[in-house]
Amino acid sequence: MPTYAILGATGKTGGALLELLLKDSNNHVNAYVRSKAKLLKQRPNLEENKNVKIFEGSIADIPLIASTLGPQVDAAFCVLATNENIPGIRIAQDTATSIIAALCHLRNEDVHFKPPKLLFLSSASLNPTMLGELPAVAKPLITRAMSHVYADLQFAEENLRLHRSWLDVTFVQPGALTEDVQKGHELSLDKMSESFVSYLDLAAGMIEIAESGTYNWMGVSVNATSKDVRFEPKAPAQISRGLVWHFAPWLYFTSRYLRIVS
């Protein structure tokens, strides 16, 4: 019976992974969250589900992350993320640093420990081949609207690649995401989806990668096969805010001080 870890189980991708993985009663899930109460509010049935273990605390709590990731975990989905272009954001790099430290701890505890396969949620915009698929006018718009997020992801990827000799990592690099039903997906090494991709299709693609045992140290996009995927209505506002915070990052901190944004 396979055991999976999800780092970021209360997020949209993490929730979609939980939903799909728990459809199979053979699957066991270690779910890391910063707030157990939030997770149980989203999914009250998890409290009685014997196939799910919930790990609550800070991503900087190395023993906690070590407990989440081992020693029986086959694959770990690292999906802590944000869609907001927050100046100075460190979600991805802090996650990568804690994962590496936790796995080093487990390896020191047991010389025979085999790290789980890591599936690290990134972005197609960090892949030059996939980014080349975007229209020329869209590239500077997207890269600036998410510049702080991409810088954080780039740092995390570079940190993980330093441990290529003993870790098995796949960077999952989708394009734009939206909330919609599962409509079908395909994996690609060189193209990003022309339309939005639902979180459920992204989750299905990540599970397919985990089960395949391949794509080691590759960037893989999960693309929609359907042409009628829902447009994400929040996207224009997110891009607008992202551009403002790219060119004037101080406005983000001013907005937080004035409680305009949380």
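What follows is a conversation between a biologist and a modeller about a predicted model of a protein chain.

Biologist: Let's begin with the sheet. What is the order of its strands, and is the pairing mixed or not mixed?

Modeller: Eight strands form an open sheet, in the order E3-E2-E1-E4-E5-E6-E10-E8, and the pairing is mixed.

Biologist: What makes E3 and E8 the edges?

Modeller: Each of those two has a single partner strand, so one side of E3 and one side of E8 has no neighbour in the sheet. On average, neighbouring strands here are turned by 20° against each other, direction ignored.

Biologist: How do you know that strands E1 and E2 pair?

Modeller: Pairing requires at least two bridges between the strands. Strand E1, residues 3-7, is joined to E2 by five bridges, and the two run parallel. So, by that rule, E1 and E2 count as a pair. To find the place in the structure, look for Ala-5, which stands opposite Asn-30 in E2.

Biologist: Why is the path from E1 to E2 called right-handed?

Modeller: The chain leaves E1, passes through helix H1 (residues 12-21) and arrives at E2, as a right-handed β-α-β crossover. The name is used because, with the strands pointing away from the viewer, the path from the first strand over the helix to the second runs clockwise. E2, helix H2 (residues 36-42) and E3 also make a right-handed β-α-β unit.

Biologist: And what joins E2 to E3?

Modeller: E2 and strand E3, residues 52-56, pair in the parallel sense over five bridges. Val-33 is opposite Glu-56 in E3.

Biologist: Which strand pairs with E1 over four bridges?

Modeller: That is strand E4, residues 75-78, and E1 and E4 pair in the parallel sense. Here Ile-6 stands opposite Phe-77 in E4.

Biologist: Is strand E2 mostly covered or mostly open?

Modeller: E2 (residues 28-33) is mostly covered, with five of its six residues buried.

Biologist: Now the helices. What makes H3 and H4 roughly perpendicular?

Modeller: Helix H3 and helix H4 (residues 91-109) pack at an angle of about 70°, and their axes are 8 Å apart. Angles from 65 to 115 degrees count as roughly perpendicular, so H3 is roughly perpendicular to H4. On the H3 side, the residues that meet H4 are Ile-62, Ile-65, Ala-66 and Leu-69. Among those they meet in H4 are Ile-99, Leu-103 and Leu-106.

Biologist: Which strands does H3 touch?

Modeller: Helix H3 (residues 62-69) packs on the sheet and touches E1, E2, E3 and E4. Its direction makes about 160° with that of E2, and angles over 145 degrees count as roughly antiparallel.

Biologist: Let's turn to charges. Why is the contact between Glu-194 and Lys-227 called a salt bridge?

Modeller: The rule asks for a side-chain nitrogen of Lys or Arg within 4 Å of a carboxyl oxygen of Asp or Glu. In this pair the closest N and O atoms are 3.7 Å apart, so Glu-194 and Lys-227 form a salt bridge. By this rule the count comes to nine salt bridges.

Biologist: What makes Glu-194 exposed?

Modeller: Exposed means over 50% relative accessible area. Glu-194 has 77% relative accessibility, so Glu-194 counts as exposed. Lys-227 is at 73%, so Lys-227 counts as exposed too.

Biologist: Is Glu-232 buried or exposed?

Modeller: Glu-232 has a relative accessible area of 6%. Buried means under 20%, so Glu-232 is buried. Glu-232 forms a salt bridge with Arg-230, with closest N and O atoms 3.6 Å apart. Arg-230, at 36% relative accessibility, counts as partly exposed.

Biologist: Which residues are linked in a network of salt bridges?

Modeller: The network links Asp-180, Lys-183 and Asp-228. Between Asp-180 and Lys-183 the closest N and O atoms are 3.2 Å apart.

Biologist: One last topic, the backbone. What is the phi of Tyr-215?

Modeller: Phi of Tyr-215 is near 65°, a positive value in a residue other than glycine. Tyr-215 sits in the loop between helix H8 (199-212) and E10. Arg-259 also has phi near 65°, and its place is in the segment after helix H10 (250-257).

Biologist: And which residues does the cis peptide bond join?

Modeller: It joins Gly-70 and Pro-71, with omega about 0°. Pro-71 is found in the loop between H3 and E4.

Definitions and conventions
Residues are numbered from 1 along each chain as its sequence is written. This is a predicted model: local features need pLDDT of at least 70, side-chain atom pairs count only at pLDDT 80 or more; totals for chains, interfaces and linings use all residues. Side-chain values use heavy atoms; hydrogens and water are left out. Buried means under 20% relative accessible area, exposed over 50%, partly exposed in between (1.4 Å probe, protein chains only). Axes are lines fitted to C-alpha atoms, for helices over the stretch in contact, and angles run from 0 to 180 degrees between N-to-C directions. Contact means heavy atoms within 4.5 Å. Angles under 35 degrees count as roughly parallel, over 145 as roughly antiparallel, 65 to 115 as roughly perpendicular and the rest as oblique.
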